[in-house]
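Visitor: Could you take me through one part of this model up close? I'd like to hear how the residues there sit together.

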Amino acid sequence: MARDLYWSLLSLNHRGQQSHGFAVLNAEGISRSVGLGPLPEVPPEIPDGEIGIGHARYATSGGSSAEELIRDAQPVVVGGPGRRMALAYNGNVANAMELRRSLEASGALISTGSDAELIALELLRGLEASGLRSAMSRLSTRVDGAYSLVGIIDDGTVFAARDPNGIRPLFTFESGPLFIAASETVAFDMYGVGPAVPVEPGELVVASEDGVHHHRYAPPRPEHICSFEYAYFARPDSILGGRYVYEVRRELGRRLAARHAGVARRVDSVVPVPETAVDAAYGFHEVSGKPVETLVFKHRFVRARAFMSGGGERQGLISRKYNVSKRAAGRRIALMDDSIVRGDTLRHLISALRSVGASEVHVFSTFPKISHPCFYGVDMATYGELIGYNRSPNEVAASIGADSVNYQDLDDFLEVVGRSACVACVTGQYPTEKAALLAAAALRAPGIRGRITEVIG
Ligand SMILES: O=P(O)(O)OC[C@H]1O[C@H](OP(=O)(O)OP(=O)(O)O)[C@H](O)[C@@H]1O
Ligand SMILES: NC(=O)CC[C@H](N)C(=O)O
Ligand code: SF4
Ligand SMILES: [Mg+2]
């Protein structure tokens, strides 16, 4: 089991690179091992057992020093008088401060800075009182945010649950004694099993000696899957919403070429920013007829995703991660990226392309203009850090040094990713109540530093 767990988690390394960890249940109970950074290519020691979970963490809460990242690493293990539980959590709690205060007031001992521990303690409390299903139901009334959960309880139960809005992805597969749950279908491909079935919003799946049981713990709502999963997060060979993510990205590229046909005609070639934008560039080529040209290269051994790196490391990483070809000289380039968040990546690349003589650089973003923070598991939690906030596309172009910035049209985007997908970072329409209040409070105080979820609330 340890070996399969390792390989499956390795396939999800792109979802988190700040720490990795495992929790396994065997005759000695639950044991946990964690390490800094992404899961390494040399497998670490993982205790063997029949049941285990793993986590690759992209921190959207808690501290950023090495000490804090180890302290806040997942899975978290919590224990009460009668039960111990290990939990791996993808998402983010919008009302984290409120939840922390309420847990502390009722005597809980909180030992990390992450919202994962808050979720685990809250769930444990409900579990000891009245079982897993009502614990999830209670959790859904107390937690505002996104949560895809995978857990093990020391009585031998394994479970997977997705928040009532289905903001983060989660899939399961069951066959005889085998039960697997994971964020993306590529993890199931590693095992050579499938098809992976999506966990419904508000659904709890429990696997124990009695077999696998599916429960609804919250009333059904439309799935508000994070649309950023399609553009950036997920691996291209994962299946989301019934389609390969690379096909969705390709279609987003086609839409860009059609919507901004005038600029598309003007350029000599389309250049993807490796690595997420590669499929979209091909789609752009299909509609515009312009060749895809690799003029921006990504260093093979710098695997870290810059956007997910801590603020202090990001700039240095961006400047070391890419190299541009001198063949860009004299060329009019359509520079394709999946998204523009802080604008750091494109500002750096445009300057590099101009320094080798590119004559025009027109930026295309597969994601519409991001101008609101996210409280659901993408670490862009203030208005101040977003280059799209309070700037028109022309102003964004001026700020990053581009000749033009051509964003995906929102309607085109929703037609591709699905009308009910979350696009709150584009529209400011949040699928949960407290996140909307948080955004309004943040707008009144645009100078806030640090994550709003850890400052207001
Ligand atoms: O506007 P910014 O704040 O710079 O953020 C956006 C950039 O960050 C991401 O790349 P990242 O390096 O994280 O990952 P990738 O290698 O998968 O493209 C994304 O793909 C954009 O390139
Ligand atoms: N990427 C994530 O899902 C992060 C989970 C959780 N918010 C944490 O900070 O640990
Ligand atoms: S606000 Fe944006 S990044 Fe956050 S969950 Fe919604 S679509 Fe995803
Ligand atoms: Mg990128």
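Guide: Start with Cys 425: setting aside residues up to four places away in sequence, it touches Ile 370, His 372, Pro 373 and Cys 374. Bear in mind that this is a predicted model. Cys 425 sits in helix H15, which runs 424-427. It has 27 C-beta neighbours inside 10 Å, and since 20 or more is enough to be called buried, Cys 425 counts as buried.

Now step back along the chain to Cys 422, in the loop that links helix H14 (410-417) to helix H15. Cys 422 is buried too, because 27 C-beta neighbours lie inside 10 Å of it. If you skip the neighbours within four places in sequence, its contacts are Ile 167, His 224, Ile 225, Cys 226, Ser 227 and Pro 431. So Cys 422 is in contact with Cys 226, while Cys 425 touches Cys 374.

Those four cysteines turn up together in the record as well: an unreviewed UniProt entry lists Cys 226, Cys 374, Cys 422 and Cys 425 under "binding site". They span 200 residues in sequence, yet no two of their C-alpha atoms are more than 10.3 Å apart, so the four gather at one spot.

While you have the model open, have a look at ligand 1 too. There, 17 residues surround the ligand, and the closest are Arg 305, Ala 306, Phe 307, Arg 342 and Thr 345. Sorted by class, that shell holds seven nonpolar, four polar and six charged residues.

Terms used: Residues numbered from 1 in each chain as written. Chains lettered and ligands numbered in written order. Predicted model: local features only at pLDDT ≥ 70, side-chain atom pairs only at ≥ 80, totals over all residues. Near = placed C-beta within 6 Å. Nonpolar A, V, L, I, M, F, W, Y, C, P; charged D, E, K, R; others polar. UniProt positions renumbered as here; feature names shortened; annotations may be inferred. Helix = DSSP H or I, 4+ residues; strand = E, 2+ residues; numbered from the N terminus. Buried ≥ 20, exposed ≤ 12 C-beta atoms within 10 Å, placed from the backbone. Contact = placed C-beta atoms within 7 Å.
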